[in-house]
Number of protein chains: 2
Amino acid sequence: MTLSNAPAPRLPDFHIRPDPDDARLSEAVAGTDQDGRRVDLRVVSERALTLFLNAQEIVTMMTIGDRPDLLAVGYLINQNMLRPDDIITGIDHDEDLEIVVVRTERATDYEEKMKKKVRTSGCAQGTVFGDVMDRFDEIELAPDARIHTSWLYALTKKINTQPSLYLTAGAIHGCVLCQEDRAVAYMEDVGRHNAVDKIAGWMWLNNVPAADKIFYTTGRLTSEMVIKTAMMGIPILVSRSGFTAWGVELARKVGLTLIGRARGQRFVVLSGTERVVFDMDAKDAEPEESKHRRKGSKAMESNA
Amino acid sequence: MTLSNAPAPRLPDFHIRPDPDDARLSEAVAGTDQDGRRVDLRVVSERALTLFLNAQEIVTMMTIGDRPDLLAVGYLINQNMLRPDDIITGIDHDEDLEIVVVRTERATDYEEKMKKKVRTSGCAQGTVFGDVMDRFDEIELAPDARIHTSWLYALTKKINTQPSLYLTAGAIHGCVLCQEDRAVAYMEDVGRHNAVDKIAGWMWLNNVPAADKIFYTTGRLTSEMVIKTAMMGIPILVSRSGFTAWGVELARKVGLTLIGRARGQRFVVLSGTERVVFDMDAKDAEPEESKHRRKGSKAMESNA
């Protein structure tokens, strides 16, 4: 959230990533195809997870369930319920009870806050508490952050070809925290909001600086994605999907670089173009191979 | 919700549909493309709409704003806040104040209900109140309802080629209420949950029977989509996107026919196959033309 002068540590490609072989994350289902023949496919799992902050029940989420600790902490951060200086004294996850409890040194009470909720558009959060928008107006994003078009082309290719639950089972969202041309942290979940929250939780728990990062999402660039990315202090947001008007408006207001429809050799920048360094001719980028297209993948779904 | 013995009236194709030319629903935005050139595109609008049921504030939604009355009524129905026998005495929409008020003869109070919320996966509702699931267990879906594969092929083609905000601006979800091979009511919104709710509202206000209908969505077949479709009393749910495990489980439990990955000549049925009549060879169906593919459309986004 703060702009530090210390150089950010260099993180490797896929430092943290999906584990499509984790049997708990998808299951085999038998069905019937268009010719009346039996087909077997894998579908992603969804399980309930109820989040407590100290003694208070906050929310029940539906998640693939791979990283409950990161999801819990990220949710609280993105809802402004954890402060940057808060000290977490414990995170307890009970898989059978489907509960995760985050304990903090500071006594917390968000009864009033939770009464005021906004149902947001798109696939994102679903619910944003009223005071989140107040904080949005105070955000300052690193003006000297950059994204080279060569990084952008490299990132989209890496992310599309990395083994993932998307490629195994489809019908899932992915979010990736990137540094230059490296896809550092890749999270997936049924709801995009969960994937974002897991990245926020990972960053918070590992003190990962935000100002030099690029956030990639498979989903649309809605108001909510813009709000979350800016709240996390990340100055650049990239998606293979499109834009909504309010997403664009908020990105321009907060000075976030907003790049959409990023696929193969193409993209569109609708905000913060000054951070984009055109160092590679689009013609020299690789076209997106149909087998790596999200829609044309083995799984065949649009990632909607 | 009830299975009536009276024959359902025959409704025409696109009896109600999107108006992509409505200037309030999308706006022109200037950006920069991969070659550093200026591009102009249209992006869908999002506006806030706060819903009151009688004197009680229920929720603030982000919506494209085209059918606030249908959205309001549909939301209340799908949250189990309007009963089948409720009498609506007025629906007042104030565009400037961004408020819609639904008034009923019955006095309502959902203070307690609203305290218990579940954050759902996917792009759907985002919030389901606890007691919705209780009602789910009592649902009976018409066992004699059918979908012919010839209807399915006709429907997917009609829906993909119908002028829509998706084709104009992208980044939007569509839901369509169908009867046999006719796409009767087509609604779009930034959030799929809104598109579903608008259809529910339209059905309720026009006494449209559900048992002979087919519900088509561009989005994934998550638990929430299955719950909503079943709650609306519609026995067949179709999507061009994929499945989640809990969505499949709930569909099987409630006896809903669940058809996914329906594109061109292909589809997969994961529940309720007995309602599918294979009357047309998949080879004889038209392949999906790339220009009509959701992802390959002018707008280029995955509809995520």
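1. Starting with the domain contact in chain A of this predicted model: 22 residues of domain 1 touch 25 residues of domain 2. The assignment behind that puts domain 1 at 47-130 and domain 2 at 147-292. Going by C-alpha atoms, the centres of the two domains of chain A sit 24 Å apart.

2. Who does the touching on the domain 1 side of chain A? Strand S4 (56-63) and helix H1 (68-78) are the elements giving two or more residues to it. H1(A) gives the most, with nine residues. Sorted by class, that side of domain 1 of chain A has 12 nonpolar, eight polar and two charged residues.

3. Now have a look at the sheet, since both chains feed into it. It is open and mixed, with eight strands ordered S2(A)-S1(A)-S15(B)-S14(B)-S13(B)-S12(B)-S10(B)-S11(B). From one strand to the next, the twist averages 30 degrees.

4. About the edges: S2 (38-44) of chain A and S11 (182-189) of chain B each have a single partner strand, so each has one side without a neighbour in the sheet.

5. If you want one pairing to check by eye, try S13 (236-239) and S14 (257-263) of chain B, which run parallel and are joined by three bridges. Within that pair, Leu237(B) stands opposite Leu258(B).

6. Last, the helix on the sheet. H8 (245-254) of chain B packs there, touching S1 (26-33) and S2 of chain A as well as S14 and S15 (266-271) of chain B. The direction of H8(B) makes about 60 degrees with that of S15(B).

Terms used:
Residues are numbered from 1 along each chain as its sequence is written. Chains are lettered from A and ligands numbered from 1 in the order in which they are written. This is a predicted model: local features need pLDDT of at least 70, side-chain atom pairs count only at pLDDT 80 or more; totals for chains, interfaces and linings use all residues. Domain bounds come from an automatic or database domain assignment. Two residues are in contact if their C-beta atoms, placed from the backbone, lie within 7 Å. Helices (H or I, at least four residues) and strands (E, at least two) are DSSP runs, numbered from the N terminus. Ala, Val, Leu, Ile, Met, Phe, Trp, Tyr, Cys and Pro count as nonpolar, Asp, Glu, Lys and Arg as charged, and the others, Gly among them, as polar. Two strands pair if DSSP finds at least two bridges between them. Axes are lines fitted to C-alpha atoms, for helices over the stretch in contact, and angles run from 0 to 180 degrees between N-to-C directions.
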